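Subject: Structure handover

Hello,

Here is the structure I promised to pass on. Please open it next to this email and follow along.

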Amino acid sequence: MRKVLIVRFSSIGDVIQCLWAADRIRAEWQDAEIHWLVREDIQAALGLSPSIQRIWALPRGSSLIQLLGLAWQLRAQGFTHIYDAHQSLRSGVVRRILRLTLKQPRILVRGKQ
């Protein structure tokens, strides 16, 4: 089974525009378990998508220690695929920690526009 993490922390408009990714993944891999990592104050917007099984929230203004703690929790989830739709310093930290658990890295990073 595929287990996918989408990382897009903010802003609300960008998160909503990125909802297509969860729907597209669901269309391609109907058995996939889709998780999303987002900033806590925006997580309600993800309720718009029935494709997302679990939302992981990072508090706004969180410290590096909080980010690392959450990344280690995510690492224990055993994701098979990661889509970094944010490409920020924070999402890079999460990617690097999660890469340690992937047997064959399946990481897609959205390019900056």
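The chain has four helices and five strands. Read along the sequence, they come in the order β-α-α-β-β-α-β-α-β. Keep in mind that this is a predicted model.

Some totals for the chain come next. It has 113 residues, and 43% of them are buried. The exposed surface is about 6,300 Å². Carbon and sulfur atoms supply 53% of that area. Now take the contacts with a separation of 6 or more: residues 24 or more positions apart account for 61% of them.

Next, please look at helix H2, residues 19-28. Which of its residues are buried? They are Leu19, Ala21, Ala22, Ile25 and Arg26. These buried residues lie on the same side of H2, because they cover an arc of only 160° around the axis. There is a general point behind this. An α-helix has 3.6 residues a turn, so residues three or four places apart point the same way.

What covers the buried residues of H2? The cover includes strand S1 (3-7) and helix H1 (12-17). It also includes strand S2 (33-39) and strand S4 (81-84).

Now the cores. In soluble globular proteins, nonpolar side chains tend to be buried together. Here, the largest nonpolar core has 18 residues. Ile6, Trp36 and Leu46 touch the most other members. S1, H2 and S2 are the elements that give two or more residues to this core. H2 gives the largest share, four residues.

Leu46 is a good residue to click on. Leaving out residues up to four places away in sequence, Leu46 touches Val15, Leu19, Trp36, Val38, Ile52 and Ile55. Leu19 is also one of the buried residues of H2.

There is a second, separate core of 16 residues. Among them are Leu5, Val7, Phe9 and Ile97.

Last, the aromatic rings. How many aromatic pairs does the structure hold? Zero. Two rings do have a charge over them, though. The charged end of Arg54 sits over the ring of Trp56, 3.7 Å from the ring centre. The charged end of Arg90 sits over the ring of Phe9, at 4.5 Å from the centre. Phe9 is also part of the second core.

Best wishes

Notes. Residues are numbered from 1 along each chain as its sequence is written. This is a predicted model: local features need pLDDT of at least 70, side-chain atom pairs count only at pLDDT 80 or more; totals for chains, interfaces and linings use all residues. Side-chain values use heavy atoms; hydrogens and water are left out. Rings of Phe, Tyr and Trp (its six-membered ring) pair if their centres lie within 6.5 Å; planes under 30 degrees apart count as stacked, over 60 as edge-to-face and the rest as tilted. A charge sits over a ring if NZ of Lys or CZ of Arg is within 6 Å of the ring centre and within 35 degrees of the ring normal. Buried means under 20% relative accessible area, exposed over 50%, partly exposed in between (1.4 Å probe, protein chains only). The arc is that of the directions from the helix axis to the C-beta atoms. Contact means heavy atoms within 4.5 Å. A nonpolar core is a set of buried Ala, Val, Leu, Ile, Met, Phe, Trp, Tyr and Cys residues joined through side-chain atoms within 4.5 Å. Accessible areas come from the Shrake-Rupley method with a 1.4 Å probe; for residues, only the protein chains shown count as cover.
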